[in-house]
Amino acid sequence: MSNWKELQEALIKFRNERDWEQFHNPKDLALALSIEAAELNELFLWKKAEDADQEKIKEELADVLAYAILLAEKYDLDINEIVLNKIKSNGEKYPVEKARGTAKKYDELK
């Protein structure tokens, strides 16, 4: 599998085989995405990043990505297109000459 569409199709097949689409409305997918992101964050809580369990990171990150992909499908969004558009938008907000080497928010760049 080398692209988002194949992943999306595999997730939909998995979901539909279990008749879970009835539970996968956009609100609940967004909530599940947020909860899984919190579980990913929890793996880093109170420890150095290098001490986090990499196997658990893989599992939680996969959950985050799976829910994001399913949410994109609900709105018929092209994942490549929306991410590339976001990179372009962020490039305008964070021009290299102002943002290089700083973690400042775009409205704090001079």
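The radius of gyration of the protein is 17 Å, whereas a compact globule of 110 residues would have a value near 13 Å. The model from which this value derives is predicted. Along the principal axes, the C-alpha trace extends over about 55 × 35 × 30 Å. The accessible surface amounts to about 8,600 Å², and carbon and sulfur atoms contribute 54% of that area. Of the 110 residues, 20% count as buried.

The secondary structure comprises five helices and zero strands, arranged along the sequence in the pattern α-α-α-α-α. Among the contacts that link residues at least 6 apart in sequence, 58% are formed between residues at least 24 apart. With regard to charge, the protein carries 18 positive and 24 negative side chains. The centres of these two sets are separated by 7 Å.

Two domains are assigned, with domain 1 covering residues 4-77 and domain 2 covering residues 78-109. A distance of 24 Å separates the C-alpha centres of domain 1 and domain 2. Contact between the domains involves six residues of domain 1 and four residues of domain 2.

The loop between helix H1 (4-17) and helix H2 (26-42) contains His24. The relative accessibility of His24 is 11%, and this residue therefore counts as buried, the cut-off being under 20%. When residues up to four places away in sequence are set aside, His24 touches Arg15, Leu29, Leu70 and Lys74. Of these partners, Arg15 belongs to the range given for H1, and Leu29 to the range given for H2. Leu70 and Lys74 fall within the range of helix H3 (54-74). Asp19 is likewise placed in the loop between H1 and H2. The phi angle of Asp19 is near 55 degrees, a positive value in a residue other than glycine.

Most residues other than glycine have a negative phi. A further positive value is found at Trp46, which is not a glycine and has a phi of about 65 degrees. Trp46 is situated in the loop between H2 and helix H3 (54-74). The relative accessible area of Trp46 is 80%, so this residue is exposed, the threshold being over 50%.

Two pairs of residues illustrate separation along the chain and in space. Ala30 is located in helix H2 and has a relative accessible area of 35%, so the residue is classed as partly exposed. Ala30 and Leu71 are 41 residues apart along the chain, and their C-alpha atoms are separated by 7.0 Å. Leu71 falls within the range given for helix H3. In the second pair, Glu108 and Ile12 are 96 residues apart in sequence, with a C-alpha to C-alpha distance of 42 Å. Glu108 occupies the segment after helix H5 (96-99). Because its relative accessibility is 45%, Glu108 counts as partly exposed. Ile12 falls within the range given for H1. The bounds of the domains place Ile12 in domain 1 and Glu108 in domain 2.

Methods:
Residues numbered from 1 in each chain as written. Predicted model: local features only at pLDDT ≥ 70, side-chain atom pairs only at ≥ 80, totals over all residues. Heavy atoms only, no water. Helix = DSSP H or I, 4+ residues; strand = E, 2+ residues; numbered from the N terminus. Rg over C-alpha atoms; globule rule 2.2 N^0.38 Å. Buried < 20%, exposed > 50% of the residue type's maximum accessible area, 1.4 Å probe, protein only. Contact = heavy atoms within 4.5 Å. Areas by Shrake-Rupley, 256 points an atom, 1.4 Å probe, with all protein chains shown as cover. Lys, Arg positive; Asp, Glu negative; His and termini not counted. Charge placed at Lys NZ, Arg CZ, Asp CG, Glu CD. Domains from an automatic or database assignment.
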